[in-house]
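Work through the exercises below with the sequence and the model side by side. Try each task before reading its solution.

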Amino acid sequence: MGIKYFYDFCLTGYDNTDLSSDILAEVRRSFFDSGKRIRDRITVDSQGEALFYEYTLEKDRPLKWTVKDAAGTVLQEVVAAEDGRYRLCFYKDQALVKRMLFSKLHTLLRVEYIDASGTVCASIEPRKARRGLCLLYTDTKLPEPVILSEAPEVPDENTAKKVSDGFTDHSAVAATNEGIVYYLSPSQEAAFRAFVRQTEQELIDEAKECFVDESPLFDKINVKDFNVKRNLSSALDITKAAAFGETPSDEVAEPEIEADIEETEIAETYEEIPEITEEEAVSMAVKPDKEIIADGAVYSYYGELDGNGERSGYGRTVTDLGTTAYEGQYLHDKRSGKGSYFYKDGTLCYTGDWVENARHGVGVGISARDGSMHVGRWSNNKPEGNGVRITADGNVRFVCKELSDGGTVLMNHQDDLISKYDDQGKKIAEKLVSLTDFE
């Protein structure tokens with residue numbers, strides 16, 4: 001359904017409110033769910049101190065809300081604002097430290113944090129964007145406003161739990177009709193995605209450690225893999241693919257923002273929330289960590305740099321259209337390590353090992369010519385060594401295995417032939433077989 005209502009939100013750098021048990025959020029949730037007046041007086045124990053709440057929330061009238069301590073000191077109260085709006089003010093040592101602005105329809109419009117001089121030092125407020133509602137974060141410590149987006153969804157339940165427990169670097173947290181939602185800056189989102197990948201790999205490694213297969217079949221398989229080295233006249237053709245001159249890195253999904261977004265069914269109560277303007281979008285655009293010129297085109301890099309300003313570590317290089325060309329690891333300004341490379345139309349070209357900008361190691365390549373896929377070893381940008389070729393319709397084309405004497409065995413599944421080649425690539429034996437022989 002998406003976020004329709006914000007019940008409460010706060011900046012984690014200024015506010016440690018636990019929104020999972022926040023009374024204001026629960027009162028607002030009950031009101032929006034039922035549409036009926038909410039009124040009560042309650043006493044709450046907060047860190048050993050008794051706090052006294054009195055509130056009334058109803059349609060077409062400002063919120064009535066006061067919180068006092070045992071001495072009768074007002075800690076929270078509502079103050080009228082212009083045009084039927086109202087503010088909920090928070091005090092500490094009788095000084096204003098935070099205030100929340102609401103519309104006459106009880107829409108949460110802005111949260112502001114006040115410094116010792118009485119000046120607003122930071123704020124967050126909802127904005128409409130193509131992907132739904134984001135948060136606009138301003139801070140006197142930052143050179144310009146920042147757009148905060150929802151933390152990406154983690155579909156796998158086990159991974160999501162580990163990520164939730166382990167990743168704590170959020171800029172803001174909100175209580176919404178979709179539950180507790182964390183908001184990230186673009187750099188935090190890049191770190192979040194990297195953390196998810198690391199967690200997924202850890203779970204895979206843990207599963208491998210626990211997995212024991214007692215099948216005798218596995219004892220008979222030589223795990224030296226397969227070989228596609230010297231004898232393939234129809235080697236995977238990547239030379240004709242329209243590739244980039246450069247290659248990018250991990251995707252920091254920037255909020256998809258437009259100046260003139262048509263009205264969507266987000267919520268009637270958010271009719272007062274402005275859309276991100278084109279000027280705001282431009283001023284808040286994520287600045288690349290480095291620009292690269294290759295083949296006459298300019299690419300933007302987002303990711304880690306070493307002391308010499310070279311791409312080293314995890315990063316993403318994108319085109320001037322914002323599409324990803326490469327996502328993965330770099331070393332000394334070159335693609336090295338694990339990474340994924342894409343054709344200009346956005347489809348995957350190769351994912352796997354890289355050494356100094358070349359596909360080298362173990363990986364999966366997809367041919368732009370016929371959609372076939374090669375899984376196995378690569379050397380200097382070419383399939384070389386052990387591997388399996390799979391056609392676009394999912395059938396195995398051939399399997400190759402490199403022998404200990406340097407020779408090669410090729411099983412061609414379309415012709416039902418097993419061929420053997422010497423270490424010079426010369427065919428020295430051939431045998432016709434059929435899978436029906438094993439039925």
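**Exercise 1. Start from Glu112 and trace its salt bridges.**

Step 1. Glu112 forms a salt bridge with Arg110, and their closest N and O atoms are 3.5 Å apart. A salt bridge here is a side-chain nitrogen of Lys or Arg within 4 Å of a carboxyl oxygen of Asp or Glu.

Step 2. Check the burial of each partner. Glu112 is buried, at a relative accessible area of 12%. Arg110 is partly exposed, at 22%. The classes are buried under 20% relative accessible area, exposed over 50% and partly exposed in between, with a 1.4 Å probe and protein chains only.

Step 3. Widen the view. Arg99, Arg110, Glu112, Glu125 and Arg127 are linked in a network of salt bridges.

Before going on, note the ground rules. This is a predicted model, in which local features need pLDDT of at least 70 and side-chain atom pairs count only at pLDDT 80 or more, while totals for chains, interfaces and linings use all residues. Residues are numbered from 1 along each chain as its sequence is written, and side-chain values use heavy atoms, with hydrogens and water left out.

**Exercise 2. Compare two further salt bridges: which parts of the chain does each one join?**

Step 1. Count first. The structure holds 15 salt bridges.

Step 2. Take Asp15 and Lys98. Their side chains meet in a salt bridge of 2.6 Å, N to O. Asp15 lies in the loop between strand 1 (6-11) and helix 1, and Lys98 lies in strand 7, so the pair ties together parts that are 83 residues apart in sequence. Helices (H or I, at least four residues) and strands (E, at least two) are DSSP runs, numbered from the N terminus.

Step 3. Add burial. Asp15 is buried, with a relative accessible area of 12%. Lys98 is buried too, at 6%.

Step 4. Take Asp353 and Lys338. This salt bridge is 2.6 Å, N to O. Asp353 sits in strand 19 (residues 348-355) and Lys338 in strand 18 (residues 334-342), so the pair, 15 residues apart, links distant parts of the chain.

Step 5. Add burial again. Asp353 counts as buried at 16% relative accessibility, whereas Lys338 is exposed at 52%.

**Exercise 3. Describe the largest pocket: what is its volume, and what lines it?**

Step 1. The volume is about 1200 Å³. On a 1 Å grid over the protein atoms alone, a cavity is a set of points where a 1.4 Å probe fits but cannot get out, and a pocket is an open set with protein on both sides within 12 Å along at least five of seven lines; lining residues have an atom within 4 Å of a point. Grid points are joined across faces, edges and corners, and a volume is the space filled by probe spheres set on the points.

Step 2. The lining has 32 residues, of which Asn16, Thr17, Ser46, Leu51 and Gln76 are the closest to the pocket centre.

Step 3. Assign elements. Those that each supply at least two lining residues include helix 1 (23-34), strand 2 (38-46), strand 3 (49-57) and strand 7 (95-102).

Step 4. Sort by class. The lining divides into 15 nonpolar, eight polar and nine charged residues. Ala, Val, Leu, Ile, Met, Phe, Trp, Tyr, Cys and Pro count as nonpolar, Asp, Glu, Lys and Arg as charged, and the others, Gly among them, as polar.

**Exercise 4. Now describe the second largest cavity.**

Step 1. The volume is about 30 Å³.

Step 2. Leu24, Val27, Arg28, Leu57, Leu63, Trp65, Tyr86 and Phe102 line this cavity. Helix 1 gives the most to the lining, with three residues.

Step 3. By class, the lining has seven nonpolar residues, no polar ones and one charged.

**Exercise 5. Where do His332 and Asn381 lie, and what is the sign of phi at each?**

Step 1. Recall the background. Most residues other than glycine have a negative phi.

Step 2. His332 has a positive phi of about 50 degrees. His332 lies in the loop between strand 17 (324-331) and strand 18.

Step 3. Asn381 also has a positive phi, near 75 degrees. Asn381 lies in the loop between strand 21 (373-379) and strand 22 (382-390), and is partly exposed at 25% relative accessibility.
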